[in-house]
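Hi,

Here is the structure I promised to pass on. Have a look at it first, and then read my notes underneath.

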Amino acid sequence: MMRNLTKILLMLVASFILCFNVLAEDAQLTIEMLKQQIDKLQQQVLALEQAQKAQMAQQAEAKQAQLTEYSRQPAQSAVAPVPATNNSEATSSQPQIANTVKVYATMRPTYGYIDEQGEQFWDVRDALSHAGIKATNDFMPGWQAILHGEWGIDLSNNGDFGNARRAYAGVDSPFGRVAVGKQRPPQYLLIAEYVDIFNHSNSPFSYDPEGLFFVNNMVTYRLDIAGLSWLAAGQFDGDSGNNNADMVNVGVGYDIGAFHAAVTYLQQDSTEDGLSIGEDIVWAAALAHEFDIGLYLAAAYQDKTYQRDAQPQDRQGHTIDFSAAYQLTPIFKLKAGYFEFDDGYHAGLSQNFTGYNTTFEWLPDDNLRFHLEYLVRDYDYLDDFNSWSVGFRYDFAKDWQF
């Protein structure tokens with residue numbers, strides 16, 4: 001019995017050893033096959049990398065050749081070269097036409113309590129709401145055609161639409177900008193604009209009674225170079241004034257960083273029933289600066305001579321506007337102004353006044369503005385004016401490029 005058991009154990013041990021040897025041989029064979037597969041995969045990856053490098057080199061050579069060819073074409077700003085067509089190889093050197101169109105509108109209603117000429121009342125008024133369209137066409141390198149139309153919207157009178165503010169066409173070039181039509185004059189662009197920071201249709205308050213905001217039948221020229229802005233304009237209205245220019249307005253402004261300084265000269269016919277009765281001559285100057293602490297200060301002065309043919313002596317008047325703004329927080333701003341107007345008259349004919357205003361603004365978004373304003377005009381010979389008003393301003397603009 002013991003011999004049989006021993007034989008069985010020996011046979012089992014022999015079988016186990018035989019199976020272990022077979023499995024070991026299979027494992028070794030499997031490892032060798034895996035090594036071969038890994039070598040093949042490495043060779044395939046290396047081949048792919050070499051093919052990719054060759055393709056990138058070909059693309060770089062083609063791009064360099066394209067840039068070399070493009071550099072021989074006339075310089076142009078932000079305009080890609082036009083590929084050649086079957087019609088003519090010459091078309092590849094012509095720039096793409098760049099066009100822009102901007103449509104915009106701003107609504108500025110106000111509501112307030114007004115004390116004027118001895119009467120007190122509440123009224124809804126408008127703070128120069130308007131809408132417009134502006135288009136440009138870059139028709140050749142450095143040359144741009146401009147079209148601009150803008151019309152007022154009077155929210156205080158049935159929302160009437162149609163009083164033109166701007167209506168002109170022009171050309172901008174490396175030699176300056178020329179435009180013809182109804183536009184802002186240099187007197188506003190260089191002087192009044194920097195004190196015109198309030199939410200009121202009569203701002204700037206001293207400049208407003210006799211100042212120029214928009215002028216029709218006007219030809220303008222502007223050249224900006226080395227921080228200097230040279231502006232010149234002439235009004236040519238054949239239906240009134242003399243047979244030559246009805247107005248000449250020239251000026252120069254200097255801007256560096258947040259600092260602005262300007263001086264202008266204005267000569268304008270004064271007309272009555274379409275006939276010239278004399279002329280006005282105005283010398284003006286302006287200074288403005290925005291400080292890093294969020295404070296903005298600006299001042300504008302005009303010295304005006306009223307020359308009248310039927311009067312033996314000329315009148316001399318002036319306007320003074322001071323404006324200040326301080327950014328209290330990112331969404332709250334405080335504004336204040338002082339102004340003085342003198343028309344050269346005395347006693348009963350005079351409308352001389354001084355005044356001040358304060359405004360508190362809330363700006364919850366870039367295109368939204370709410371304000372509370374207190375305004376006072378202290379007349380020398382007329383009833384004083386004061387008002388409290390709240391207002392809302394909503395600006396909209398949309399641009400297209402094609």
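Below is what turned up, going from one residue to the cores and then to a pocket.

Before anything else, keep in mind that this is a predicted model.

Let's start with T264, which you'll find in strand β11, residues 259–272. T264 counts as buried because its relative accessible area is 2%, and the cut-off for buried is under 20%. Its side chain makes a polar contact of 2.9 Å with the side chain of Q187. Leaving aside neighbours within four places in sequence, T264 also touches a number of other residues, among them P186, L190, I191, W283 and A284.

One of those contacts of T264, I191, turns up again in the largest nonpolar core. That core has 22 residues, and I191 and Y296 touch the most other members. Two or more residues each come from β12 (275–290), β13 (295–308), β15 (332–342) and β17. There's also a second, separate core of 11 residues, including Y188, A233, L266 and V282. V282 is another residue in contact with T264.

As for Y296, its contacts beyond four places in sequence include Y194, I197, H289 and S323.

Now for the second largest pocket, which holds about 270 Å³ of space. Its lining has 20 residues, with I114, R125, H200, S201 and N202 nearest the centre. Strand β2 (109–116) is one of the elements that supply at least two of them, and β2 gives the most, with 5 residues. By class, the lining comes out as 9 polar, 6 charged and 5 nonpolar residues.

Cheers

Methods
Residues numbered from 1 in each chain as written. Predicted model: local features only at pLDDT ≥ 70, side-chain atom pairs only at ≥ 80, totals over all residues. Heavy atoms only, no water. Helix = DSSP H or I, 4+ residues; strand = E, 2+ residues; numbered from the N terminus. Buried < 20%, exposed > 50% of the residue type's maximum accessible area, 1.4 Å probe, protein only. Polar contact = N/O pair within 3.5 Å; in protein donor to acceptor, adjacent residues only side chain to side chain. Contact = heavy atoms within 4.5 Å. 1 Å grid on protein atoms, 1.4 Å probe; cavity = no way out; pocket = protein on both sides within 12 Å on 5 of 7 lines; lining within 4 Å. Points joined across faces, edges and corners; volume = space filled by probe spheres on them. Nonpolar A, V, L, I, M, F, W, Y, C, P; charged D, E, K, R; others polar. Core = buried A, V, L, I, M, F, W, Y, C linked by side-chain atoms within 4.5 Å.
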